[in-house]
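The following exercises are to be worked with the sequence and the coordinates at hand. Each task is followed by a solution in steps.

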Amino acid sequence: MTAYAPVLIVVVPLTAAALVPLAALVSGRLARAVALLAITAAAAAALAALVAVLEHGAMRHRFGGWPPPWGIEYVVDPLSGLMALLVAGFGVLVAVYAGPAVATAPRLLNGAFHAMYLLLLSGLLGMVLTGDLFNLYVFLEISSLAVYALIALGSERATIASFRYLLLGTVAGSFYLLGVGYLYALTGTLNMADLTVRLAPLAGSPGVTVGVALIVVGLAIKMALFPLHGWLPDAYAFAPTPVTGLIAAVMTKVSAYVLFRVLFFVLHPAATTPDALALLGWAAAAATVAGSVMALAQADVKRMLAYSSVGQMGCIVMGFALGTPLAVTGALLHILNHAVMKGCLFLAAGGVQFRTGAARVPEYDGAASRAPLSVAAFTIAACSLVGLPPTAGFFSKWYLLVASVEQGMWPFTLALVASSLLSAVYLFRVVQRAYFGRAPQETGRARAGAAELPLAMLVPVALLAAAVVVLGLLNQAVVTQVIASALPALEAR
Amino acid sequence: MKQPFGSAVLEAAARLLAPFVLLFAAYVVSHGHSSPGGGFQGGVLFAAGLLLVKLTRGDPSQWEIGPRAALVLACSGVLLFAGIGLLPLAWGGSYLDYDAPPLFADPVAERVLGTVGIEVGVALAVAGIILLVFDALAGWGEPERSA
Amino acid sequence: MTGTWVAWLHYWLTGGLLLVGLYGMLAAPHLVRKLMGMNIMQTSIIIFFLGLAAKTDATLPIVPTDDPAPAAAAYINPLPHALMLTAIVVGVSTSGVALALILRIHRHFGTLDERDLLSKLRE
Amino acid sequence: MKATAFALTLVAAAVFIHASSALPAFGTADAPASAHVSPRYIERGYEETGAHNLVTAVLADYRGYDTLGETTVIFTAGLAALLIIGAGAAWSWEGRPR
């Protein structure tokens with residue numbers, strides 16, 4: 001079975017997405033069970049694939065049995081295996097977390113929601129595993145369409161946020177596609193591995209430059225890099241919390257991962273000119289600072305976290321732009337860490353809101369006494385985002401910091417430090433209010449003895465908070481086992 | 001779509017056209033192999049034929065495919081495609097590797113069969129979705145009605 | 001006709017069409033017009049790809065039974081056509097979802113003009 | 001907004017014209033797009049897949065997985081429309097446990 005894991009990771013949720021609406025015609029509970037089963041199976045397949053890959057090296061799957069430049073292939077190497085596990089694992093946690101809320105929906109809506117959720121996941125998983133640029137576009141569009149619908153489910157204002165995202169997302173997809181078109185016109189192939197070979201003699205051609213620039217701009221929109229982040233705050237703030245938790249954690253990260261693939265695998269190292277990378281780096285540095293400053297100005301907690309994501313994506317791209325093995329290690333580790341901690345922050349904030357109704361910073365006064373576990377999880381993840389030592393966030397930021405000092409890029413160092421300090425300010429004011437703020441009068445009404453959250457919501461939040469700490473302790477293993485294997489491509493630089 | 005557009009002329013025209021549109025849809029799907037055509041085009045034509053009747057006769061028409069049936073149609077189309085893809089895995093082939101199951105001696109014949117199979121799946125899915133979207137868009141004034 | 005500027009006209013025209021669509025998306029205040037801009041942009045990319053398939057003096061990529069050994073130069077490149085069939089479907093799907101969102105926005109806010117929507121959101 | 005959009009458009013136009021000079025001329029039979037991967041589709045497409053229509057051969061066989069994705073895209077769009085204006089419009093997350 002393990003030999004088929006690469007294809008099953010994507011195909012199982014995709015097939016289940018067509019099964020779920022049919023199951024919903026019978027009963028909402030059945031639909032939910034099918035969906036959960038499928039995501040769990042995908043996560044298990046991702047785990048199996050990752051274990052096998054760590055042991056025996058990369059796995060490939062040729063669709064239709066056709067050899068790569070003619071057919072489509074999936075490639076699982078340690079890094080893409082880890083990304084797939086991250087996406088599928090988050091899929092399981094968030095599906096469990098969403099349970100109590102979705103259960104109140106009508107039966108057919110329940111089915112449509114779960115089908116859409118599965119489609120979003122299979123789209124993201126397909127983007128991670130595919131070795132073909134056009135196939136990546138198709139799966140990008142699957143995940144995009146699914147996410148527009150899921151965001152619109154939030155409220156009436158969410159429909160406008162979703163429409164704006166749809167327009168920008170389509171521009172992103174189109175730019176990406178046009179960029180792929182340029183590369184295809186110049187090389188005649190769509191396969192990533194084949195492109196690497198055939199692009200090598202073309203380094204410096206204006207066609208390649210523009211094609212890659214279009215791809216980078218498209219991906220930058222999808223990952224909300226600073227001047228192109230317009231869609232993100234509204235979409236995150238108005239979408240249902242479980243959806244925000246999922247897309248904040250993994251969707252932008254998958255785009256960042258694809259950017260890594262394109263910059264460091266598809267392009268010949270000589271083709272990524274330092275000038276172009278430096279430009280990207282300056283944009284990323286601006287993003288890091290601007291995102292943190294804008295987060296400081298927000299009163300709504302979800303919106304604050306959304307702007308914080310803009311800043312953190314800047315950190316990741318800065319690592320890519322520095323381009324040294326140390327910086328790229330930091331950036332890849334930060335992709336993983338940020339996914340876990342931002343997911344934890346959003347889900348914990350959702351838990352606090354579920355329990356106390358607090359959505360804005362001033363409303364968090366005394367929240368710790370009423371939702372102690374959610375606030376504790378929020379605090380742990382906040383420490384990690386700021387970069388306090390025992391937690392995961394410290395290590396990735398440390399790599400980035402050291403790399404920027406090594407390269408003598410002082411402005412980047414400054415941006416990183418500033419973003420950490422600013423995030424300490426905007427996150428700890430929430431934590432401080434939650435623990436030391438005077439609780440509003442109606443606190444006495446909180447039912448003593450009643451569970452803080454339904455178990456289904458509590459467990460994912462607790463698991464993610466634990467993961468923040470565990471990832472911090474295991475960071476050395478992640479770097480040596482997984483990330484180091486993605487770096488040989490860099491040594492040639 | 002509660003109010004039909006109906007008039008004697010439209011109805012006569014639709015009556016005459018609809019069977020031929022559906023027949024042509026079947027032709028386009030089955031001949032995608034050797035001439036321009038295929039699942040998408042055929043599926044759209046199939047849905048268009050049904051919608052023509054719906055537009056002229058209003059909702060409770062003889063050939064009504066309701067939102068629920070359309071959903072079933074769409075899901076089964078996708079399942080047919082994905083199922084054909086999964087089948088070869090049982091014989092040790094790759095996903096969508098049509099000639100892995102030992103049905104005929106001639107691998108090309110198996111490939112043709114697989115291709116036609118997925119085209120039919122695509123056609124079902126497309127037809128179902130177009131009917132579904134039309135229903136959702138046309139019935140937007142009455143949200144409780146659709147599905 | 002290679003060598004003359006006409007041979008590159010295809011890229012300029014599709015690029016121009018893309019910019020028309022992009023400008024429409026950015027500048028038009030009405031959501032439906034933005035959607036139309038988006039469709040123009042997608043169409044331009046489809047035409048761009050189809051142009052890559054062209055070969056002078058080649059015919060449609062349908063091999064008749066009486067051609068046992070088809071030469072690559074005699075038929076145009078089928079790959080961009082197959083890719084663009086997918087892109088067309090993506091475009092249609094995106095438009096469908098966008099229209100659904102537009103209907104929803106119009107039902108709730110009663111307007112589709114971006115300026116009116118912004119002022120309503122500020123209230 | 002309009003002025004910014006216009007300026008952006010002009011910049012993009014310059015970039016496109018600059019880049020187009022590097023692309024192969026229209027209709028060149030030995031352009032990379034026509035010379036690298038696609039000849040196999042034309043020369044062996046019929047014998048390998050049994051389809052006279054080479055576009056179908058590529059769509060349904062060589063790149064059949066793309067077509068599965070494509071079918072999924074339209075399936076997603078249908079369910080999305082259903083979720084946005086059909087069943088979903090009557091029920092929203094607001095006021096529910098968020």
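**Exercise 1: A salt bridge between two helices**

At 30% relative accessibility, A:Arg164 counts as partly exposed. The model is a predicted one. Determine which residue forms a salt bridge with A:Arg164, and what the pair ties together.

Solution.
1. The partner is A:Asp234, with the closest N and O atoms 3.5 Å apart. This satisfies the salt-bridge cut-off of 4 Å.
2. A:Asp234 has 16% relative accessibility and therefore counts as buried, the limit being under 20%.
3. A:Arg164 lies in helix α6 (residues 156–187) of chain A and A:Asp234 in helix α9 (residues 232–238) of chain A, so the pair ties together parts that are 70 residues apart in sequence.

**Exercise 2: A salt bridge between two chains**

Establish where A:Asp132 and D:Arg63 lie, and whether they are buried or exposed.

Solution.
1. The two side chains meet in a salt bridge, at 2.7 Å from N to O.
2. A:Asp132 is in the loop between α4 (107–129) and α5 (133–152) of chain A, and D:Arg63 is in the loop between α4 (54–62) and α5 of chain D; the pair therefore joins two chains.
3. Both A:Asp132 and D:Arg63 are buried.

**Exercise 3: A buried acid without a salt bridge**

Examine the surroundings of D:Glu70, which lies in helix α5 (residues 64–86) of chain D. Which side chain makes a polar contact with the side chain of D:Glu70?

Solution.
1. D:Glu70 is buried yet has no salt bridge.
2. The nearest side chain of opposite charge, that of D:Arg63, is 9.2 Å away.
3. The polar contact is with the side chain of C:Thr86, at 3.1 Å.
4. Beyond four places in sequence, D:Glu70 touches A:Val138, B:Phe40, C:Leu85, C:Thr86, C:Val89 and D:Leu59.

**Exercise 4: The length and cover of a helix**

Compare the expected span of helix α15 (residues 372–386) of chain A with the distance between its end C-alpha atoms. Then state how many of the residues of α15(A) are buried.

Solution.
1. At 1.5 Å a residue, the 15 residues should span 21 Å. The end C-alpha atoms are 21 Å apart, in agreement with that value.
2. Eleven of the 15 residues of α15(A) are buried, so this helix is largely enclosed by the rest of the structure. Among them are A:Val375, A:Phe378 and A:Leu385.
3. The cover of the buried residues includes α12 (301–322), α13 (325–356) and α18 (455–486) of chain A.
4. Just after α15(A), A:Gly387 takes a positive phi of about 105 degrees.

Definitions and conventions:
Residues numbered from 1 in each chain as written. Chains lettered and ligands numbered in written order. Predicted model: local features only at pLDDT ≥ 70, side-chain atom pairs only at ≥ 80, totals over all residues. Heavy atoms only, no water. Helix = DSSP H or I, 4+ residues; strand = E, 2+ residues; numbered from the N terminus. Expected span 1.5 Å × (residues − 1). Buried < 20%, exposed > 50% of the residue type's maximum accessible area, 1.4 Å probe, protein only. Contact = heavy atoms within 4.5 Å. Lys, Arg positive; Asp, Glu negative; His and termini not counted. Polar contact = N/O pair within 3.5 Å; in protein donor to acceptor, adjacent residues only side chain to side chain.
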